[in-house]
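Hello,

Here is the structure I promised to pass on to you. Have a look first, and my notes follow underneath.

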Amino acid sequence: MGKIAADETKQIPRARWETWCDTFSSGNRGRVLRLEIVGGEVGAESVAAATPLVAIDYDPAGQGDEMIVSYGEEASPSRHAIAAPVALWQGQDENGVVVGLEIKDAGGLNTIVTFI
């Protein structure tokens with residue numbers, strides 16, 4: 001962890017991911033984001049820039065074991081899937097507003113969502 005710039009960072013326990021994703025998506029739909037993948041052989045790769053969040057969904061192990069970030073047009077969003085996620089961090093500013101997310105997968109890649 002440590003790829004998102006935030007005043008405070010906290011890890012979200014896996015047992016809460018489904019509920020957290022539903023609540024987070026409801027409260028943050030439409031916020032403009034930048035999405036990138038960092039680590040491994042990719043280095044740093046931009047996936048999306050200046051596009052609205054549609055939702056973040058989590059399918060637990062046994063039901064797909066992936067976290068999906070949907071963004072863009074709500075009627076036909078683009079999707080970025082993180083297979084076998086192992087950790088989720090939320091970064092927030094001094095007022096408690098979420099400024100970024102970091103999702104680490106089993107292969108060591110980090111998906112960074114930064115709200116702009």
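To start with a small one while you have the view open: in which strand does Ala-87 lie? The answer is strand S6. Please keep in mind throughout that this is a predicted model.

Since we are at Ala-87, let me stay there for a moment. Its relative accessible area is 7%, under the 20% limit, so Ala-87 is buried. Leaving aside residues up to four places away in sequence, Ala-87 touches Gln-11, Trp-17, Glu-102, Ile-103 and Lys-104. Ala-44 is another matter: 43 residues separate Ala-87 and Ala-44 in sequence, and their C-alpha atoms are 19 Å apart in space.

Strand S6 covers residues 85–92, and Gly-91 is found in it too. Gly-91 is buried, with a relative accessible area of 0%. Gln-11 turns up again here: Gly-91 and Gln-11 are 80 residues apart in sequence, while the C-alpha to C-alpha distance between them is 8.8 Å.

Now the overall picture. The protein chain has one helix and eight strands. Read from the N terminus on, the order of elements is β-α-β-β-β-β-β-β-β. Does the radius of gyration point to a compact globule, or to something else? I would put the question this way: what radius of gyration does the protein chain have? The value is 13 Å, and a compact globule of 116 residues would have a radius of gyration near 13 Å, so the two agree. Along its principal axes, the C-alpha trace spans about 35 × 35 × 30 Å.

A few totals for the whole chain may be handy:

- Of the 116 residues in the protein chain, 41% are buried.
- The protein chain exposes about 6000 Å², and 45% of this area comes from carbon and sulfur atoms.
- If you take contacts between residues at least 6 apart in sequence, 46% of them join residues at least 24 apart.
- There are 9 positive and 17 negative charges in the protein chain, and the mean positions of the two sets are 3 Å apart.

Next, the interior. In soluble globular proteins, nonpolar side chains tend to be buried together. The largest nonpolar core in this model has 21 residues. Those with the most contacts inside this core are Phe-24, Ile-56, Met-67, Val-69, Leu-101 and Phe-115. Which elements give two or more residues to the core? They are helix H1 (17–28) together with strands S2 (32–39), S3 (43–59), S4 (66–71), S7 (98–105) and S8 (110–115).

Phe-24 is a good residue to click on if you want to follow the core by eye. Not counting residues up to four places away in sequence, Phe-24 touches Leu-53, Ile-56, Gln-90, Val-98, Leu-101 and Phe-115.

Helix H1 also holds Glu-18. With a relative accessible area of 44%, Glu-18 is partly exposed. Beyond residues up to four places away in sequence, Glu-18 touches Tyr-58 and Pro-60. Glu-18 and Leu-101 are 83 residues apart in sequence and 15 Å apart in space, C-alpha to C-alpha.

Two alanines deserve a look for their backbone. Ala-50 has a phi near 50°, a positive value in a residue other than glycine. Ala-50 is found in strand S3, and at 57% relative accessibility Ala-50 counts as exposed. Ala-84 also has a phi near 50°, again positive in a residue other than glycine. Ala-84 is found in the loop between S5 and S6, and at 25% relative accessibility Ala-84 counts as partly exposed.

One last alanine: is Ala-75 buried or exposed? At 82% relative accessibility, Ala-75 counts as exposed. Ala-75 lies in the loop between S4 and strand S5 (78–83). The C-alpha atoms of Ala-75 and Gly-108 are separated by 32 Å, with the two positions 33 residues apart along the chain.

Happy browsing, and best wishes!

Note on methods
Residues are numbered from 1 along each chain as its sequence is written. This is a predicted model: local features need pLDDT of at least 70, side-chain atom pairs count only at pLDDT 80 or more; totals for chains, interfaces and linings use all residues. Side-chain values use heavy atoms; hydrogens and water are left out. A nonpolar core is a set of buried Ala, Val, Leu, Ile, Met, Phe, Trp, Tyr and Cys residues joined through side-chain atoms within 4.5 Å. Buried means under 20% relative accessible area, exposed over 50%, partly exposed in between (1.4 Å probe, protein chains only). Helices (H or I, at least four residues) and strands (E, at least two) are DSSP runs, numbered from the N terminus. Contact means heavy atoms within 4.5 Å. The radius of gyration is taken over C-alpha atoms; the globule rule is 2.2 Å times the number of residues to the power 0.38. Accessible areas come from the Shrake-Rupley method with a 1.4 Å probe; for residues, only the protein chains shown count as cover. Lys and Arg count as positive and Asp and Glu as negative; His and the chain ends are not counted. The place of a charge is taken as NZ of Lys, CZ of Arg, CG of Asp or CD of Glu.
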